[in-house]
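Work through the exercises below with the sequence and the structure in view. Try each task before reading its solution.

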Amino acid sequence: MRETILSIEKVVFGGEGLGRLPEGKIVFVPYVIPGEKVKITVVEEHKDYAIAQVEDVIIPSPNRVKPPCRYYTLCGGCQFQHLDYETELKIKEEVLRDLFIRQGYKEEIPLKSVINSPVEYGYRNKLRLHVESPPLKMGFVKRKTHEVLRIEECLLGDQLLNEILSYLYDHPLWKKLSLYIKRIRIEKSLLDETVCLLFWSSIAPEKRDLETLANDFRIKSIFYYLKGARAFGPYPDDAPHYGRRILPAIEDLVYYIRPGVFTQSHWEINLRIMETIRDIAKESDKILDLHSGMGNFLLPLVKSLKDVREFLGVDTDIQAIEDGLYTASINRLNGRLELRRKSALETLHDAIKEGKKYDLVILDPPRGGCKELIRFLPEVASKKIIYLSCDAPTLVRDILFFNKAGYSLTELYLFDMFPRTYHWETLALLQR
Ligand SMILES: C[S@@+](CC[C@H](N)C(=O)[O-])C[C@H]1O[C@@H](n2cnc3c(N)ncnc32)[C@H](O)[C@@H]1O
């Protein structure tokens, strides 16, 4: 195994530091900070690059801090616990700018602001854990393996989620049920400080076991998947709002969402994104949200923009659409918007057939981006497109396609939705 000493030039997307081996080959090194001098061992050699691990930090950065989590470097979840938060934000901004430059973007990058998180830890309102038993293990996949790391506490998670994790570890009934369980989600209902549980089981649990487990004031509801697309639940069956989580939004809205339906993980940052979208949307006449989920970004627009003539939201997840409609009805917004289970592509096809145009289109696709939509959008999106993305490389790739299709990038925002990890959300405003 090759050992050498090198300096870290920068951090790249994914969180690794980049340095150079004596012959000039690039080497990626995790858990380092730009400017540090480190002793490394090469653990993987490839034709154009190598991967190394740190043996010793010879000259540490003044921005290095002691990682607070006992699982850090073992667990694959966090990459930035070893540096202070200011440095993390600076790195994220540099990585975003670098992605644009490396993909050949020639204009000035219109980054308007970097919206930091008010807290570095404890911000996640949901945890998704693998379950193995016996012996009972709940946790995340170990870094670079498929092995489950037993986690007793996740510092990124809200304190209540961690309390429930301990409750489950200690509960004899959960030990019994977990023999058949593969995964669990613990999701917080923010307005009433309770949690909803959703798990995947290979055998139907006894109703009375679930009710006993839910017999704790902190647990609002339990759902489970067996086979098929619908979860069983809620348990208890008289849980308020059919066991939905209750989440406060801007414009005095309150959302009612079942566990498992997509929600943004860091609610404070989600509220900042809602406000930014509301400000951009002000002058609109017709608004189309092509990945609306439960209406997260659309509902505040419906509430605040009285002059908009049409709001249409579509999503392929039927449960998200159902929860959006339930939420709209409780907030007395029925009749002001349409939420439909439909794919983004089919929606664009239909709009083109019917000659419909929208002056604001919102895109918030899964990680893979929305390359397949771009060639249809010019016929439908007549003015502005707001593109929100949790994966900056695909966003930048798509922005270059949008440029070719006649849209310019006019505003860019970096929202730090995921402190201590290499992830963030980017919002891009594209205009014709
Ligand atoms: C990142 S989430 C965003 C949801 C929503 N904007 C929010 O903030 O809660 C992406 C959403 O895209 C939906 N989706 C995935 N593929 C889709 C498609 N082909 N057409 C429409 N929606 C899709 C998912 O069901 C999911 O709700």
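A nonpolar core is a set of buried Ala, Val, Leu, Ile, Met, Phe, Trp, Tyr and Cys residues joined through C-beta atoms within 7 Å. The model used here is predicted.

**Exercise 1. The cores**

Task: State how many residues the largest nonpolar core has, and find which helix gives the most to this core.

Solution. Step 1: the largest nonpolar core has 75 residues. Val361, Ile385, Ile386, Phe415 and Ala428 have the most contacts inside this core. Step 2: the helix that gives the most is α5, residues 267-281, with 6 residues. Step 3: at least three residues of the core come from each of domain 1 (3-99) and domain 3 (266-431). Step 4: take Ile386 and set aside its neighbours within four places in sequence; its contacts are then Ile277, Ile280, Leu360, Ile362, Leu427 and Leu429. Step 5: there is also a second, separate core of 32 residues, and Leu155, Leu165, Ile186 and Phe199 are among them. As background, nonpolar side chains in soluble globular proteins tend to be buried together.

**Exercise 2. Helix α5**

Task: Check the length of α5 against the expected span, and list its buried residues.

Solution. Step 1: the expected span is 1.5 Å times one less than the number of residues. Step 2: α5 has 15 residues, so it should span 21 Å. Step 3: the end C-alpha atoms of α5 are 21 Å apart, which agrees. Step 4: the buried residues of α5 are Ile269, Asn270, Arg272, Ile273, Met274, Thr276, Ile277, Ile280 and Ala281.

**Exercise 3. An open sheet**

Task: Give the order of the 8 strands in the open sheet, and explain why one side of β7 and of β19 is left without a neighbour.

Solution. Step 1: the order is β7-β22-β23-β21-β20-β17-β18-β19, with mixed pairing. Step 2: β7 (111-115) and β19 (338-341) are at the edges and each has a single partner strand, so one side of each lacks a neighbour in the sheet. Step 3: from one strand to the next, the twist averages 15°. Step 4: inside the sheet, β21 (residues 381-389) pairs with β23 (residues 425-431) in the antiparallel sense over 6 bridges. Leu388 has Leu427 in β23 as its bridge partner.

**Exercise 4. Strand β4 and its partners**

Task: Decide which side chains of β4 are buried, and describe how β4 pairs with β3 and β6.

Solution. Step 1: side chains alternate along β4 (residues 26-29). Val27 and Val29 point to one face and are buried, whereas Ile26 and Phe28 point to the other and are not. Step 2: β3 (residues 17-20) and β4 are antiparallel and pair over 4 bridges, with Leu18 opposite Phe28. Step 3: the hairpin of β3 and β4 has 5 residues between the strands, and Gly24 in this hairpin takes a positive phi near 100°. Step 4: β4 and β6 (residues 49-59) run parallel and are joined by 3 bridges, with Ile26 opposite Tyr49.

**Exercise 5. Thr327**

Task: Is Thr327 buried or exposed?

Solution. Step 1: Thr327 is found in α7 (residues 318-330). Step 2: a residue is buried if 20 or more other C-beta atoms lie within 10 Å of its own. Step 3: Thr327 has 25 other C-beta atoms within 10 Å, so Thr327 is buried. Step 4: leaving aside neighbours within four places in sequence, Thr327 is in contact with Tyr255, Tyr256, Met294, Gly295 and Leu299. Step 5: Ile246 is 81 residues from Thr327 in sequence, with 9.7 Å between their C-alpha atoms.

Note on methods: Residues numbered from 1 in each chain as written. Predicted model: local features only at pLDDT ≥ 70, side-chain atom pairs only at ≥ 80, totals over all residues. Buried ≥ 20, exposed ≤ 12 C-beta atoms within 10 Å, placed from the backbone. Helix = DSSP H or I, 4+ residues; strand = E, 2+ residues; numbered from the N terminus. Domains from an automatic or database assignment. Contact = placed C-beta atoms within 7 Å. Pairing = 2+ DSSP bridges. Axes fitted to C-alpha atoms, helices over the stretch in contact; angles between N-to-C directions.
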